[in-house]
Protein chains: 2
Amino acid sequence: MTIEIERMADILKLLGDRTRLTIMTLLHERELCVCEIVDFLKTSQPNISQHMRKLKAGGLVTEAKRGQWVYYSLNTQDKPYVGEILRHVPSQRKAIEQQTICEDNNCCI
Amino acid sequence: MTIEIERMADILKLLGDRTRLTIMTLLHERELCVCEIVDFLKTSQPNISQHMRKLKAGGLVTEAKRGQWVYYSLNTQDKPYVGEILRHVPSQRKAIEQQTICEDNNCCI
DNA sequence: TAACTATATAATGATCTGATTATATAATCA
DNA sequence: TGATTATATAATCAGATCATTATATAGTTA
């Protein structure tokens, strides 16, 4: 029981960071590769990579390698409260659609 | 919009700590005074006091002074996802009932 | 094979955080 | 009023966290 609280606190801590919460909200719309997330968040690739590693270690996302790209998607079926949280975060859909992903460096083409 | 994500991340960060998440779960059962929380969590009074200050600053709890005691209760009506989270934390009700609150120092009598 | 692209890892450093110890404030009680 | 109880605040510190810079790995393409 105590262990479960600890585990939940760890998950909430992962969500309690602006960058990671935004990433999770983006992934709530659709699967994305690292370079898309980098483009969207206007931060460095290693920064995103480190955050993805934490999210993966926490079991919140899964990865799928395709060619030279690594696609991340949500893995939160077993944590209904995470879905509930993401449903309450302002959607990033419009922002995603408006942005021509990878327009600068033409990644993921 | 971005501001709202920031705000949500701040709230989730508050919940992303074992001590505070347990406090919130206790308060989800009923209003409690500081000394009861101290007794339950087996930690120091200043430690709880600091956490309560953070929770209050984050708008997650409200306080009510009665005599020399300060009672805290949840203030999450406007944050439905917080209630959703707390509903998924293992209940502390039995633990609360089992424990004779303040049995050692007879506080809150 | 060499150059290029996408991603991961490592090292570093500034900042933040949680807990402790000591002290202050404020209400109650004898 | 003085002692006691409940709570808050301040100072300190070790450890965690986030971002950056530099470098490594691995797949792709010319």
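Start with the protein surface near DNA strand C: select its residues and colour them by class, and you get ten nonpolar, twelve polar and six charged. Keep in mind as you click around that this is a predicted model.

**Stop 1: around strand C**

Keep that selection up. The set surrounding DNA strand C has 28 residues, and the closest are A:Gln45, A:Ser49, A:Tyr72, B:His51 and B:Lys54. Now look at the DNA side: of the atoms of strand C that come within 4 Å of the protein, sugar and phosphate make up 64%.

Next, switch to a cartoon view and see which elements carry this surface. From chain A, helix H3 (34-41), H4 and strand S3 (69-74) each give at least two residues, and from chain B, helix H2 (18-29) and H4 do so too.

Time for some distances. Which atom of DNA strand C lies 2.6 Å from a polar side-chain atom of A:Ser49? Zoom in and you'll find a phosphate oxygen there. Then pick A:Tyr72, where a polar side-chain atom sits 2.7 Å from a phosphate oxygen of strand C. Cross over to chain B and select B:Thr19: a polar atom of the B:Thr19 side chain is 3.4 Å from a phosphate oxygen of strand C.

**Stop 2: over to strand D**

Hide strand C's neighbours and select those of DNA strand D. Here 28 residues surround the strand, with A:His51, A:Lys54, B:Gln45, B:Ser49 and B:Tyr72 as the closest. Colour by class again: the surface near strand D has ten nonpolar, twelve polar and six charged residues. Of the strand D atoms within 4 Å of the protein, 64% are sugar or phosphate, and the rest belong to bases.

In the cartoon, chain A brings helix H2 (18-29) and helix H4 (45-57) to this surface, while chain B brings helix H3 (34-41), helix H4 (45-57) and strand S3 (69-74); each of these supplies at least two residues.

Three side chains in chain B deserve a click here:

- B:Gln45: a polar side-chain atom is 2.7 Å from a base nitrogen of DNA strand D.
- B:Ser49: an N or O atom of the side chain is 2.6 Å from a phosphate oxygen of strand D.
- B:Gln50: an N or O atom of the side chain is 3.3 Å from a base nitrogen of strand D.

**Stop 3: one chain on top of the other**

Show both protein chains and superpose them. What turn lays chain A on chain B? The answer is 180°, with a shift of 0.0 Å along the axis and an RMSD of 0.0 Å. That is how a two-fold axis relates its copies.

Now select the interface residues of chain A and look for their counterparts. In chain B, 100% of them are interface residues as well, so the copies meet through the same surface.

**Stop 4: the fold of chain A**

Isolate chain A and colour by secondary structure. You should see six helices and three strands. Walking from the N terminus, the elements go α-α-β-α-α-β-β-α-α. Switch to colouring by accessibility: of the 109 residues in chain A, 46% are buried. If you draw a contact map, keep the contacts with a separation of 6 or more; 64% of these come from residues 24 or more positions apart.

**Stop 5: the sheet in chain B**

Swap to chain B and select its three strands. They form an open sheet in the order S1-S3-S2, with antiparallel pairing. The edges are strand S1 (32-33) and strand S2 (61-66), each of which pairs on one side only. Zoom in on S2 and S3 of chain B, which run antiparallel and are joined by six bridges. One pair to label is B:Val61 and its bridge partner in S3, B:Leu74.

**Stop 6: two threonines in helix H2 of chain B**

Select B:Thr22, which sits in helix H2 of chain B. Buried or exposed, what is B:Thr22? At 5% relative accessibility, B:Thr22 counts as buried. Leaving out residues up to four places away in sequence, B:Thr22 touches A:Ile5, B:Phe40 and B:Leu41. Add B:Gln92 to the selection too: B:Gln92 and B:Thr22 are 70 residues apart along the chain, but their C-alpha atoms are separated by 8.2 Å.

Finish on B:Thr25, also in helix H2 of chain B. This residue is buried, at 3% relative accessibility. With the same sequence neighbours left out, B:Thr25 touches B:Leu86, B:Val89, B:Pro90 and B:Gln92.

Technical notes. Residues numbered from 1 in each chain as written. Chains lettered and ligands numbered in written order. Predicted model: local features only at pLDDT ≥ 70, side-chain atom pairs only at ≥ 80, totals over all residues. Heavy atoms only, no water. Near = heavy atom within 4 Å. Polar contact = N/O pair within 3.5 Å; in protein donor to acceptor, adjacent residues only side chain to side chain. Helix = DSSP H or I, 4+ residues; strand = E, 2+ residues; numbered from the N terminus. Nonpolar A, V, L, I, M, F, W, Y, C, P; charged D, E, K, R; others polar. Pairing = 2+ DSSP bridges. Least-squares fit on C-alpha atoms with pLDDT ≥ 70 in both. Contact = heavy atoms within 4.5 Å. Buried < 20%, exposed > 50% of the residue type's maximum accessible area, 1.4 Å probe, protein only.
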